[in-house]
Amino acid sequence: MSGTQRILGIDPGLRRTGFGLIERHGARLTYVTSGTIRTPDADLATRLGVIYDGIREVADQFCPTEAAIEKVFVNVNPQSTLLLGQARGAAIVALVRDGLAVHEYTALQLKKSVVGYGHASKEQIQAMVQRLLSLPGAPSPDAADALACAICHGNAREFLGAVGRAGMARRRGGRIRSGRLL
């Protein structure tokens, strides 16, 4: 893939929504920013508004080219799953307002992409995100999950690009070596 991608990862939550922005140029990942949007102890509509406004503020300030968000998993408590889905919806709407493409990944995909193990702990994700992005310290759990989401998308995008180049090479009768069409 040519050019620089600016990928905003989102870890949705009703109390804390993590965000993380990275740049990917070729195989190189660069940390831009990360943090947590904390909602007040208030009614649901107020919390969703805070999530929406927070994501919009980050997107407006840092101008991502793509976004990735963690998919909701079905929790033991259906009410919690529904609430998390609403927080996720507020984040998605904030991202697509200006036409930003949003890609979705399961927790298993994120963990496998970053740690190499689908049942990795929060601490393992934090440690690998810190290592992959050469951070001086471990990011908060919510920010680490969001950064993992961005890293997962960057890796998936690079992989899909390589698969596409290989398909074009076969159709043209060419070969691929070291990710390049010969």
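The largest pocket of this predicted model holds about 550 Å³ of space. Of the 24 residues that line this pocket, Asp11, Pro12, Phe73, Leu84 and Lys122 are the closest to its centre. Four helices each give two or more residues to the lining, namely H2 (78-96), H3 (107-114), H4 (122-132) and H5 (141-172), and the largest share, four residues, comes from H5. Sorted by class, the lining consists of 12 nonpolar, nine charged and three polar residues.

To place these elements in the chain as a whole, it helps to follow the fold from one end to the other. The secondary structure comes to five helices and seven strands, and along the sequence these follow the pattern β-β-β-α-β-α-β-α-α-α-β-β. Of the contacts in the chain with a separation of 6 or more, 55% are accounted for by residues 24 or more positions apart. Buried residues make up 40% of the 182 residues, while the chain exposes about 9,700 Å², of which carbon and sulfur atoms supply 54%.

The interior can be approached through its nonpolar cores. The largest nonpolar core has 19 residues, and those that touch the most other members are Leu8, Ile10, Phe19, Ile51, Ile55, Ala91 and Leu95. Strands S1 (4-11), S2 (16-25) and S4 (66-70), together with helices H1 (44-62) and H2, each give two or more residues to this core. Apart from it lies another core, this one of 14 residues, which includes Leu29, Val114, Val129 and Leu135.

Ile10, one of the core residues just named, shows which parts of the sequence come together in this region. Once its neighbours within four places in sequence are set aside, Ile10 is in contact with Thr17, Gly18, Phe19, Ile55, Ala68, Ile69, Glu70, Ala91, Leu95, Ala146 and Cys149. Among these partners, Phe19, Ile55, Ala91 and Leu95 are also listed with Ile10 among the core members that touch the most others.

Helix H5, already met in the pocket lining, also carries two residues that can be followed into the interior. Isoleucine 151 is located in this helix and counts as buried because its relative accessible area is 0%. Leaving aside residues up to four places away in sequence, isoleucine 151 is in contact with Ile22, Leu29, Ser113, Val114, Val129, Leu132 and Leu133. Three of these partners, Leu29, Val114 and Val129, are among the residues of the 14-residue core. Isoleucine 151 and valine 114 are 37 residues apart along the chain, and yet their C-alpha atoms are separated by 7.1 Å. Histidine 153 is also in H5, and with a relative accessibility of 2% it is therefore counted as buried. Beyond its neighbours within four places in sequence, histidine 153 is in contact with Ile7, Glu66, Ala68, His103 and Tyr105.

Threonine 36 offers a view of a less covered position, in strand S3 (residues 28-38). Threonine 36 counts as partly exposed because its relative accessibility is 23%, and the cut-off for a buried residue is under 20%. Not counting neighbours within four places in sequence, threonine 36 is in contact with Arg16, Thr17, Gly18 and Phe19, and also with Ser140, Asp142 and Ala143. With serine 140 the separation in sequence is 104 residues, whereas the C-alpha atoms of the pair are 8.2 Å apart in space.

The loops complete the tour. Tyrosine 117 is found in the loop between H3 and H4, where a relative accessible area of 45% makes it partly exposed; apart from residues up to four places away in sequence, tyrosine 117 touches Lys111 and Lys112. Two other loop residues deserve a look for their backbone angles. Cysteine 63, in the loop between H1 and S4, has a positive phi of about 50° although it is not a glycine, and its relative accessible area of 52% places it in the exposed class. Serine 134, in the loop between H4 and H5, likewise has a positive phi without being a glycine, with a value near 55°, and at 65% relative accessibility serine 134 counts as exposed.

Conventions. Residues are numbered from 1 along each chain as its sequence is written. This is a predicted model: local features need pLDDT of at least 70, side-chain atom pairs count only at pLDDT 80 or more; totals for chains, interfaces and linings use all residues. Side-chain values use heavy atoms; hydrogens and water are left out. On a 1 Å grid over the protein atoms alone, a cavity is a set of points where a 1.4 Å probe fits but cannot get out, and a pocket is an open set with protein on both sides within 12 Å along at least five of seven lines; lining residues have an atom within 4 Å of a point. Grid points are joined across faces, edges and corners, and a volume is the space filled by probe spheres set on the points. Ala, Val, Leu, Ile, Met, Phe, Trp, Tyr, Cys and Pro count as nonpolar, Asp, Glu, Lys and Arg as charged, and the others, Gly among them, as polar. A nonpolar core is a set of buried Ala, Val, Leu, Ile, Met, Phe, Trp, Tyr and Cys residues joined through side-chain atoms within 4.5 Å. Buried means under 20% relative accessible area, exposed over 50%, partly exposed in between (1.4 Å probe, protein chains only). Contact means heavy atoms within 4.5 Å. Accessible areas come from the Shrake-Rupley method with a 1.4 Å probe; for residues, only the protein chains shown count as cover.
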